[in-house]
Amino acid sequence: MLQTKPFTINEQLNKAKEYMDTVNQTQLMVSLVEKVNFINPVQFFSYYQNQDLLRLFWRDSEASFYLVGIGNYKTIQSHQNRFHSVQQQWEGLLTDFFIPNDSVKGTGPLMLGGFSFNDSVMDDKWKTFQSGLMVVPEAMLTVIQGECYMTYNVTVNENTDVDALTTKLKQWTENINDQYESNVPQQLQTTNSLDYRNWEQLIRDAVNRIKNGTLGKVVLARELEAEFNQSIDLNNVLKKLVEQQKDSFIYIFDYGDDAFISATPERLVKVDENELLSTCLAGTIKRGDSLKEDDLLAQSLLNDEKNRSEHQYVVSMIKEAIEPLTHSIDLPSQPEILQLRTLQHLYTPVTAILKDSYTIFDLIEKLHPTPALGGEPRQAAVMFIKENEPFERGWYAGPVGWIDAHGNGEIIVAIRSALINQNKATLFAGCGIVEESDPYEEYEETKLKFTPMLEALGGISR
């Protein structure tokens, strides 16, 4: 936690300059943290639209923890062996930071970003979002259980005017809570997606591979291209997602003309000190029109052999993947039902204690992609997806999230997502294919999974 009387921004900058003199450096990267009066995170994100600044938004599935990053202070892009590459660059960067105040969770040097589903991204429409991209923002709002903190990442040198820089940094939070006036929402004009005949053939090819023993399960997806009558207003989209997806993670990476957004219920892994939480989410059915119908559908899902088998694939793989890296795994014997606004899922939480020699990057590498996003066996399933899915996944179904200077972080799976460029959006939805899969039922399931994001974009009215 912050000290009882934490240093002010001005005091932190003076301490940084003193330290710089002590170690005989000409300049120094400093991460300044201060507690501030409440700032609405949605309004903070919205305020910086149309200012040519990168914007990042994160909300956890309990709506108790928000991160909003503005500006691009430092960028980390992956090289070969991408998770290890980003980890090395991040650890190297942290050695150069001076942090005058003890920091609370989610403040100080912290990076947000993500990785693509596959090792490389070839499609030009994903040019902004390559195989690995993490950003340390210039200014970041952290909201924890209603308490607000600002982090400012700056570089100081011997000529830095501390008073002038303090005044400049304070401007990040001026006028933020003025009511944001949104533009007229965009209207859907056209959509285009893989036709049913091609989808049916894709599913039958996968089922044949499963029957001959080449695959145990494979997750296949399709994309929906939507065109609107005007540029998509991300502020409107975010406002709808916050209102409608109360039990989902919300993630936005807005970079120039391109944005990637996700409203996903699926966590890949969370690390808080040495405590690990992963979740198995596989098996889907719709919500009912009444509590009674909800319960009947939930029981149907719990007793469905195909969905239970699909879910067990994920549970077994996650346990097997994290076991060598952890102590004392806690794994429930039966799944429960996770209810979202329009869908219900089979859900099993997995908790464990991470061994000291491993990090969140090791967990990402071990877990991605889980059978809920790729299939089983992993390598064969991913190869089938690469060779047969008629589009580039990019960041769809990839691991995205945040990691701080202490190794804490949360990484989600970017399903229920969309890639946005001006007035066009490409949405993604997938489903797990096993031997009993029926192409029509799977097609209908993807239609259902498109609904939340399409609604937030303004393409569906309820």
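Student: Which residues do ring pairs link into a cluster with Trp-126?

Tutor: This is a predicted model. In it, ring pairs join Trp-126 into a cluster. The other members are Phe-129, Phe-253, Tyr-255, Phe-260, Phe-391, Trp-395, Tyr-396 and Phe-428.

Student: How many aromatic pairs are there?

Tutor: Two rings pair if their centres lie within 6.5 Å. By this rule the count is 24.

Student: Are the planes of Phe-44 and Tyr-48 stacked or edge-to-face?

Tutor: Their ring centres are 5.6 Å apart, and the planes meet at 70°. Planes over 60 degrees apart count as edge-to-face. So the pair of Phe-44 and Tyr-48 is edge-to-face.

Student: Is Tyr-48 buried or exposed?

Tutor: Buried means under 20% relative accessible area. Tyr-48 has 5%, so Tyr-48 is buried. Its partner Phe-44, at 0%, also counts as buried.

Student: What is the angle between the planes of Tyr-47 and Tyr-48?

Tutor: Tyr-47 and Tyr-48 form an aromatic pair too. The centres lie 5.1 Å apart and the pair is edge-to-face. The angle between the planes is 80°.

Student: What is the relative accessible area of Tyr-47?

Tutor: Tyr-47 is neither buried nor exposed, because its value falls between 20% and 50%. Tyr-47 is partly exposed, at 33%.

Student: Which ring does the charged end of Arg-55 sit over?

Tutor: The charged end of Arg-55 is 3.9 Å from the centre of a ring. That ring belongs to Phe-45.

Technical notes
Residues numbered from 1 in each chain as written. Predicted model: local features only at pLDDT ≥ 70, side-chain atom pairs only at ≥ 80, totals over all residues. Heavy atoms only, no water. Phe/Tyr/Trp six-rings, centres within 6.5 Å; stacked < 30°, edge-to-face > 60°. Buried < 20%, exposed > 50% of the residue type's maximum accessible area, 1.4 Å probe, protein only. Lys NZ or Arg CZ within 6 Å of the ring centre and 35° of its normal.
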